[in-house]
Amino acid sequence: MVRLALFDLDGTLVDRQTALSDAVTRLCRSRALSPDAEHWLRIELADRATVDDFARLREAFGLEASAADLWKEYVDLMSSTVTCRPEVIEGLTRLRAAGWTIGVITNGASDIQRAKLAGTGLASLVDGVAVSGDLEIRKPDLCLFELAATRCGVSLTSGGWMVGDNPGGDINGGHQAGLRTIWLRGRPWPDGLPAAHHVVDDVTDAITVLLNESE
Ligand SMILES: [Mg+2]
């Protein structure tokens, strides 16, 4: 029997906020950016980052470097800064050993999300990855969930689980994809969304739920 577990990346498997803060600090030092530019970056990149943000940065602050160069440096900094805690790596390793198929489904630009997966060592632990930038579709779009399952070599019709921190994208998206869901609490829960099957404080607790699952 196939057991599929899909995981969100940012705020679920990795702590994007800490990595973002460090990467912005290092980028601003490297490029000698003004405090205003640094403040701008911290606000504009808070939820996600794309090369377009660096085109706007360049325009707003009259920078000479190309948007592509700034973006590349940012991607390199993020991939070297972001970490996945050892207990999360260990948990995923145990899931695999228990026969689970593991996928990552994430909203973001393809290059940076894949650089983060490689930089954290997660890439070698997952069977398939679907990044919204691959197809320009975002969670909760069912198509991205279907892509994640296909890249894991399975079908959503066999069921499975979705683990994430975003009520709409991860939990409602997973629900609409016919998956059972585990929510990492933190954000406010919007009215009207179906409840997650489990609510936990940390992704390692979610992995424990899956390991205890005896379907
Ligand atoms: Mg997230």
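**View A. Strands β5 and β6 side by side.** Strand β6 covers residues 198–200, runs parallel to β5 and is joined to β5 by three bridges. Look for Leu184, which sits opposite Val200 of β6. Two strands count as paired here if DSSP finds at least two bridges between them. Helices (H or I, at least four residues) and strands (E, at least two) are DSSP runs, numbered from the N terminus. This is a predicted model, with residues numbered from 1 along each chain as its sequence is written. Local features need pLDDT of at least 70, side-chain atom pairs count only at pLDDT 80 or more, totals for chains, interfaces and linings use all residues, and side-chain values use heavy atoms, with hydrogens and water left out.

**View B. β5 and its partner β4.** Strand β5 takes in residues 180–184, and four of its five residues are buried, so the strand is mostly covered. Buried means under 20% relative accessible area, exposed means over 50%, and partly exposed lies in between (1.4 Å probe, protein chains only). With β4 (residues 161–164), β5 pairs in the parallel sense over four bridges. To get from β4 to β5 the chain passes through α9, and this β-α-β crossover is right-handed. Right-handed means that, with the strands pointing away from the viewer, the path from the first strand over the helix to the second runs clockwise. Two places to zoom in: Gly164 stands opposite Trp183 in β5, and Met162 stands opposite Thr181 in β5.

**View C. The two sides of β4, with β1 alongside.** Which way do the residues of β4 point? Trp161 and Val163 go one way, Met162 and Gly164 go the other way, and all are buried. In a regular strand, side chains alternate between the two faces of the sheet. Strand β1 (residues 3–7) is joined to β4 by three bridges, and the two run parallel. Phe7 is the residue to find here, standing opposite Val163 in β4.

**View D. The largest pocket.** Its volume is about 690 Å³. There are 39 lining residues, and the closest to the pocket centre are Asp10, Gly11, Arg16, Asp165 and Arg187. On a 1 Å grid over the protein atoms alone, a pocket is an open set of points with protein on both sides within 12 Å along at least five of seven lines, where a 1.4 Å probe fits; lining residues have an atom within 4 Å of a point. Grid points are joined across faces, edges and corners, and the volume is the space filled by probe spheres set on the points.

**View E. Who lines the largest pocket.** Helices α1 (16–30), α4 (67–81), α6 (110–120) and α9 (167–176) each put at least two residues into the lining. Which of the elements gives the most? That's α1, with five residues. By type, the lining splits into 13 nonpolar, twelve polar and 14 charged residues. Ala, Val, Leu, Ile, Met, Phe, Trp, Tyr, Cys and Pro count as nonpolar, Asp, Glu, Lys and Arg as charged, and the others, Gly among them, as polar. Domain 1 (3–15 + 83–212) and domain 2 (16–81) each contribute at least three lining residues. The domain bounds come from an automatic or database domain assignment.

**View F. Backbone oddities in the loops.** Between α7 (132–135) and α8 (142–151) lies the loop that holds Pro140. The peptide bond from Lys139 to Pro140 is cis, with omega near 10 degrees. Glu136 is in the loop between α7 and α8 too, with phi near 60 degrees, a positive value in a residue other than glycine. Glu136 counts as exposed because its relative accessible area is 69%. Now swing over to Ala32, in the loop between α1 and α2 (35–44). Phi of Ala32 is near 50 degrees, also positive in a residue other than glycine, and with a relative accessible area of 68% Ala32 is exposed.

**View G. Asp76 and His197.** Asp76 belongs to helix α4 and, at 38% relative accessibility, counts as partly exposed. The C-alpha atoms of Asp76 and Val14 are 16 Å apart, with their positions 62 residues apart along the chain. His197 sits in the loop between β5 and β6 and is partly exposed, because its relative accessible area is 43%. From the C-alpha of His197 to that of Leu179, 18 residues apart along the chain, the separation is 9.8 Å.
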